[in-house]
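Please examine the sequence and the three-dimensional structure shown here. The paragraphs that follow lead through the model step by step.

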Number of protein chains: 2
Amino acid sequence: MITTKGRYALRVMIDLAENNGHEVFVPLKDIAERQEISKKYLEIIVKDMVTGNLLIGASGKGGGYKLCRKPEEYNVGEILEVMEGKLSSVSCLSGDFNDCPRRNSCHTLPMWTEYDNMVHNFFYEKKLTDLLKPVAKTPSRKTKKAKA
Amino acid sequence: MITTKGRYALRVMIDLAENNGHEVFVPLKDIAERQEISKKYLEIIVKDMVTGNLLIGASGKGGGYKLCRKPEEYNVGEILEVMEGKLSSVSCLSGDFNDCPRRNSCHTLPMWTEYDNMVHNFFYEKKLTDLLKPVAKTPSRKTKKAKA
DNA sequence: TCATAAACCTATTGACACGGTAGGTAAATA
DNA sequence: TATTTACCTACCGTGTCAATAGGTTTATGA
């Protein structure tokens, strides 16, 4: 189960991406209000996001939080892993890794491994920008009309 | 995270499939010993499995547990769901379903839905028999050699 | 009929995670 | 120097996980 931490973190990222949070510092108060999430609780979350190199924080008047990369340079997987730890389906595959004495004869381990890979790929291939509201595309100066 | 309940249940199923547990009752003691899992804890698990129509239990001497279908008629997903409840990635998709007031404007819901479908398919397409030790195939009486 | 072997039932436990709340400190700005 | 903001520490109620403990019922077979 993805917990509120992961889900809220994602919403913070999206909020920043959609509110110029790539260029200017956005106060947490604003994010909390837009997202209807307790600001106090969000403090905990964004703190982890700063530690995890997803955001930069700036204290004082005019401060707030800002993306430290361009939105297209984030993928969902890394955001979730910062908040939830490794996205591992079973304890056999996380932690000390190979502490299970049955690992060599385990009938289910291959399935868990396959599952883990699938999940990892799913979230790492999903970009933050895939979650943004589809914006009316500003046509680039030289738009080639697609063939069909 | 798949908990021990789900993982142990799967191992019980495999154990039965590999120890004639489709035809005769196998005492829990034997399963617990082979699987090196506390019998006491397994009691809780198999109880749920009986309730969930995965196993049949028989009390008294000569009793034990038995698969109620043929091994090839189980898939992993249903076994896990009996033990873990619905395999839902986020609370937004389980429970009362549409209690979230933001569901219509939520940017992340489509991703969670897509993810849930992927997970569901993965486990429901996986058959119990896919987890069994590959057995030296008893050649059927009329084995057609594959072309290539 | 009676010991035995098995499932079945109820209760409890310690540890930990989840989802917060509360209140204060430090830093930057105007 | 007041204000706005991030940042820090502590706490808390609830629930789940992974068991353990001890007893009761049911069926067999000698």
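In this predicted model, the surface near DNA strand D draws on both protein chains: helix H2 (28-35), H3, strand E1 (55-58) and strand E2 (64-67) of chain A, together with H1 and H3 of chain B, each supply at least two of its residues. In total, 25 residues surround DNA strand D. The closest of them are Leu28(A), Gly57(A), Thr3(B), Ser38(B) and Gly60(B). By class, this surface comprises seven nonpolar, 11 polar and seven charged residues.

The surroundings of DNA strand C may be described in a similar manner. Here, 25 residues surround the strand, and the closest are Thr3(A), Ser38(A), Gly60(A), Leu28(B) and Gly57(B). At least two residues each come from helix H1 (4-18) and helix H3 (39-51) of chain A, and from H2, H3, strand E1 (55-58) and E2 of chain B. The surface near DNA strand C divides into seven nonpolar, 11 polar and seven charged residues.

The relation between the two protein chains can now be considered. Chain B is superposed on chain A by a rotation of 180° with 0.0 Å of shift along its axis, and the RMSD is 0.0 Å. This is the relation of a two-fold axis. Within chain B, the residue that comes closest to the rotation axis is Met1(B), whose C-alpha lies at 3.2 Å.

The contact between the chains takes 18 residues from chain A and 18 residues from chain B. On the side of chain B that touches chain A, H1 and helix H5 (109-125) each supply at least two residues. That side divides into 11 nonpolar, three polar and four charged residues. Because 100% of the interface residues of chain B are also interface residues in chain A, the copies meet through the same surface.

Helix H2 of chain B, one of the elements that contribute to the surface near DNA strand C, merits a closer description. Its buried residues are Leu28(B), Ile31(B) and Ala32(B). Seen down the axis of H2(B), these buried residues fall within an arc of 100°, and they therefore line one face of the helix. Leu28(B) is thus listed both among the buried residues of this helix and among the residues closest to DNA strand C. The buried residues of H2(B) pack against helix H1 (4-18), helix H3 (39-51) and strand E2 (64-67) of chain B. The face turned away from the buried side carries the exposed residues Lys29(B) and Glu33(B). After H2(B) comes Glu36(B), which has a positive phi, near 55°.

How values were computed: Residues are numbered from 1 along each chain as its sequence is written. Chains are lettered from A and ligands numbered from 1 in the order in which they are written. This is a predicted model: local features need pLDDT of at least 70, side-chain atom pairs count only at pLDDT 80 or more; totals for chains, interfaces and linings use all residues. Copies are superposed by least squares on the C-alpha atoms of residues with pLDDT of at least 70 in both. Two residues are in contact if their C-beta atoms, placed from the backbone, lie within 7 Å. A residue is buried if 20 or more other C-beta atoms lie within 10 Å of its own, exposed if 12 or fewer, and partly exposed in between; C-beta atoms are placed from the backbone. Helices (H or I, at least four residues) and strands (E, at least two) are DSSP runs, numbered from the N terminus. The arc is that of the directions from the helix axis to the C-beta atoms. A residue is near a molecule or strand if its C-beta atom, placed from the backbone, lies within 6 Å of it. Ala, Val, Leu, Ile, Met, Phe, Trp, Tyr, Cys and Pro count as nonpolar, Asp, Glu, Lys and Arg as charged, and the others, Gly among them, as polar.
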